[in-house]
Amino acid sequence: MSFSSIYIFLVGFTNCLFFKVSCSKQFSLEGDYLLGGLFALHEIEQATPLFSPETTECFRHRSSKSGYQMLQVMRFTVEEINNSTILLPNVSLGYEIFDHCSNTKNIPSVLSFISKNGSIKPKEKLNNYQPKVIALTGPYGSTQTITIAPLLTMDLIPMVNYGASSYALSNKLKYPAFVRTSPSNKNLIEMIIHIIQWFGWNWVAFLGSQDEYSSDGLKLFNTYIRNTGICLAYQESLSLNANYSLTLQKIDMLKINVIVVFALPQYASKVIKTAIANNIHDKVWIASQAWAMNQQLPREPGIGKIGTIIGITERLLTLPGFNEFVNKDRRSTDVTHDEESDIQSKSKTCNQVCDNCTLWTAEEIINENPTFSFAIYAAIYTIAHALHKVLQCDMNGCRKNTVVKPYMLLGEIKKLDFPLNGRHVKYDDNNDPCINYAVVLWHTDVNHPQFEMVGTYDTYPETTFTINNSLLVWHDNGSVPFSNCSAGCKEGFSRQPEGFHSCCFTCKKCQRNSYVDYSRDPYTCFPCAESEWYEEGSTTCKTRSVVYIQFSEIPSIAVMVFSICIIILLIAIFCLFSYNYNTPVVRSAGGSMCFLMLASLILSSISAFFFFGKPTFANCLLRNAIFGFFFTVCISCLTVRTFQIICVFKMAAHFPKVHSLWVKHNGQWLFIAFVTVIHLISCVIWMIVSPVKPIADSWTYKDQIMLICERGNSITLAIVVFIGWFFGLLCLLFSYMGRDLPKNYNEAKSITFSLILYYLTWIVYFTAYIYFKSKYIVLFNAMAQISSINGILFSYFIPKCYIIIFQPQKNTPAYFQTSIQNYTQTISRT
């Protein structure tokens with residue numbers, strides 16, 4: 001049998017059975033355009049299997065005060081619109097309302113809505129077909145809505161729902177006619193995750209029921225907590241017959257202190273009552289919108305000991321005039337109650353019966369859970385505004401001759417954007433509304449339950465989420481409850497997973513120069529790059545400062561100025577000696593050899609300028625090579641000079657042939673040339689085997705990179721240094737042998753002083769180089785070179801300059817001849 005044939009059969013069957021009888025006036029109202037309404041006026045606590053086809057008679061089950069209040073909100077809204085002179089002027093809205101208490105067995109009411117004169121023609125074109133209602137609101141619940149939505153989709157009848165939050169209904173390919181005025185589960189789950197993250201919890205349980213509402217929420221929760229650090233430690237979908245005690249005991253054993261109860265009221269009620277009975281205490285219960293404003297549970301004895309209950313609901317708005325409407329309706333209901341009861345007794349199966357509803361007072365209805373009141377109010381106004389657009393209404397009235405088809409309203413609903421009681425009504429591409437959530441705290445320690453708003457979550461005009469922590473009074477007036485599998489690690493410690501859940505871990509300190517970034521990956525220590533460093537307690541690497549001694553620094557300027565002064569002084573001495581070349585002082589100091597010594601010292605002084613600025617291959621090479629080579633030449637001159645004096649005064653008489661050969665073949669110049677060549681070769685080998693080059697020292701200081709010059713091969717460097725130091729020691733030996741020579745030829749004191757200063761300076765420098773790591777170590781190197789040059793300059797050359805300038809009487813051949821004679825006489829006496 002085809003699907004359309006089944007529809008025709010069902011409609012015919014239900015029409016014959018139900019719709020021939022007149023029902024209560026609260027369920028219907030005549031008007032120019034008819035709206036449908038589906039509300040759960042009764043609750044089925046326990047569904048039983050049926051073995052023969054029959055329709056559920058809702059009146060046989062427990063009455064729902066909440067469902068009846070919702071019905072009154074729809075009636076109030078329709079009356080308010082009908083009394084309006086701005087919205088739909090001269091147009092009246094009517095309604096047909098049914099009690100929709102069953103998930104699958106209340107289809108006849110929906111078939112009535114989509115019927116035309118008591119029958120359904122599935123194959124008729126949309127342009128020709130005119131169903132009984134132009135739009136409808138309801139039913140309450142995702143499962144109920146998903147069951148009947150395909151029937152309304154067939155004719156694109158707008159289903160403006162107030163209480164179905166399943167995210168699956170946002171799929172416009174499957175449910176093109178579905179519009180909702182309350183947020184979807186997606187928004188509700190996002191809100192729950194915001195709350196959990198706000199308080200730093202990550203060890204939570206999720207309890208739901210075996211229906212579309214809860215299964216959809218659980219699926220979304222598992223999806224959205226990925227990469228948030230939240231662990232779902234326990235989850236379960238409960239039936240009404242489930243062992244609630246065992247479930248709560250498992251949660252307690254796992255030390256879970258935050259429990260999300262994403263379930264319909266009847267399931268949530270069993271969870272809370274079981275927690276009270278089993279002495280489950282000090283938990284945080286997050287209530288989904290379905291039971292966040294439940295009026296009965298806060299009155300349960302002992303509910304205060306189970307912990308803190310936080311609910312999520314839409315921002316509540318009062319409906320001006322609703323209380324007066326209910327009071328007036330109660331008065332008229334009391335008058336007509338007996339008459340209607342007789343009618344209803346004859347038409348029980350039409351599901352437009354609520355005998356007990358008339359027994360509730362106006363105060364009871366007004367004080368019932370208002371969670372969905374504005375959603376119903378907005379749903380009816382949405383339909384009215386869409387109809388207003390289709391009828392092209394203005395201040396003068398509406399075009400009543402316009403044929404209104406349901407799909408026309410659906411097209412206008414997608415474009416709506418209007419204010420309503422201070423709230424903004426607008427729909428996105430999925431026909432979902434703007435979000436105006438409130439976080440409410442249950443106060444159960446008072447006679448009448450109170451729900452205090454402690455936080456908000458809005459998506460219009462921009463997304464904002466906030467909670468006022470000062471308003472939250474936790475159980476036992478304590479601090480924020482702890483609900484984490486493991487306590488957080490200190491800065492600089494990474495997490496080492498333990499077990500299945502990522503929230504369970506131990507803490508391990510990261511190794512040197514590595515860090516952990518909890519926003520990136522709290523389980524990994526990331527190494528810093530060579531150009532970066534890690535400060536303990538930081539969550540990222542910092543860029544190292546690149547340091548080297550610069551030309552502009554005061555120590556650098558001081559050294560360079562001093563070097564310039566030395567060079568100028570050496571040049572001046574060079575000129576002075578040139579002018580007084582033939583004088584005894586210059587001749588006794590070495591004659592032409594003095595100029596080689598002075599030139600070597602001048603060139604050695606130039607090396608000090610290569611220690612400053614960013615190290616390059618050239619200045620690394622020149623800063624020590626120039627000094628090492630030319631200063632060794634100067635030392636060799638001093639060595640040969642002292643040896644030559646010893647020969648003249650002490651060895652010539654004993655070894656006349658050796659002395660004659662030395663003089664004949666210019667032995668002093670041959671010695672200097674030999675030393676120079678040997679030292680030059682050693683320097684070349686030093687540079688070729690392992691060239692001196694600039695390097696970046698990244699190991700000495702964690703926060704700095706020092707640009708320094710590498711020393712090169714240690715062996716070749718030792719040979720270069722050894723040659724200079726060897727000839728220095730030889731010079732010291734010769735000067736000691738000539739300590740008793742004539743005063744004018746006795747250089748023992750000056751040479752000894754200059755060479756001891758030379759050795760001490762370099763010993764101090766190498767000691768500092770080993771123990772003192774800084775960019776200023778190169779400054780010590782430059783100062784050691786200058787100190788070595790000053791030793792020779794001020795102990796050897798300056799005294800001779802003093803004689804030439806200030807004691808010219810001592811710079812005569814006679815004075816020197818007298819000195820030699822006195823030395824000869826002294827030797828002969830001994």
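User: What makes you say that helix H8 lies across several strands?

Analyst: Keep in mind that this is a predicted model. Contact here takes heavy atoms within 4.5 Å. In the model, helix H8 (residues 265–277) lies across S9 (203–209), S10, S11 (258–262) and S12 (283–287). Its direction is at about 170 degrees to that of S12. Angles run from 0 to 180 degrees between N-to-C directions, so a value of about 170 degrees means that H8 and S12 point in nearly opposite directions.

User: Which strands make up the sheet, and why is it called open?

Analyst: There are 8 strands, in the order S10-S9-S11-S12-S13-S16-S17-S18, with mixed pairing. S10 (231–238) and S18 (464–467) stand at the edges with a single partner strand each, so one side of each has no neighbour in the sheet. From one strand to the next, the twist averages 25 degrees.

User: How do you know that S17 and S18 are paired?

Analyst: Pairing takes at least two bridges, and 4 bridges join S17 (residues 450–458) to S18, so they qualify. The two run antiparallel. For a spot to look at, find Asp-458, which stands opposite Thr-464 in S18.

User: What is the peptide bond from Tyr-460 to Pro-461 like?

Analyst: That bond is cis, with omega near 0 degrees. Pro-461 sits in the loop between S17 and S18. There's another cis bond joining Gly-138 and Pro-139, with omega at about -5 degrees. Pro-139 belongs to the loop between S6 (135–137) and H4 (142–153). Most peptide bonds are trans.

User: Why is helix H3 described as largely enclosed?

Analyst: Buried means under 20% relative accessible area. For H3 (residues 107–114), 8 of the 8 residues are buried, so the rest of the structure largely encloses this helix. Among them are Ile-107, Val-110, Leu-111, Phe-113 and Ile-114, along with Ser-109 and Ser-112. For the chain, buried residues make up 52% of the 830 residues.

User: Is Leu-88 buried or exposed?

Analyst: Leu-88 has a relative accessible area of 1%, and the cut-off is under 20%, so it counts as buried. You'll find Leu-88 in the loop between H2 (65–82) and S5 (93–99). Its phi is near 50 degrees, a positive value in a residue other than glycine.

User: And Lys-255, buried or exposed?

Analyst: Lys-255 comes out at 64% relative accessibility, and exposed means over 50%, so it gets the exposed label. Lys-255 also has a positive phi, near 60 degrees, and is placed in the loop between H7 (244–253) and S11. Most residues other than glycine have a negative phi.

User: How do you know that Arg-623 has no salt bridge?

Analyst: A salt bridge needs the charged atoms within 4 Å. The nearest side chain of opposite charge to Arg-623 is Glu-553, 12 Å away, so the cut-off isn't met. Arg-623 is nonetheless buried. This arginine lies in H16 (residues 617–651). Among the residues it touches are Ser-607, Phe-610, Phe-611, Cys-709, Val-778 and Gln-785.

User: What does the chain look like in overall numbers?

Analyst: The chain has 22 helices and 27 strands. Of the contacts with a separation of 6 or more, 71% are between residues 24 or more positions apart. The accessible surface comes to about 38500 Å², and carbon and sulfur atoms account for 59% of that.

Conventions: Residues numbered from 1 in each chain as written. Predicted model: local features only at pLDDT ≥ 70, side-chain atom pairs only at ≥ 80, totals over all residues. Heavy atoms only, no water. Buried < 20%, exposed > 50% of the residue type's maximum accessible area, 1.4 Å probe, protein only. Lys, Arg positive; Asp, Glu negative; His and termini not counted. Areas by Shrake-Rupley, 256 points an atom, 1.4 Å probe, with all protein chains shown as cover. Lists of a residue's contacts leave out its neighbours within four places in sequence.
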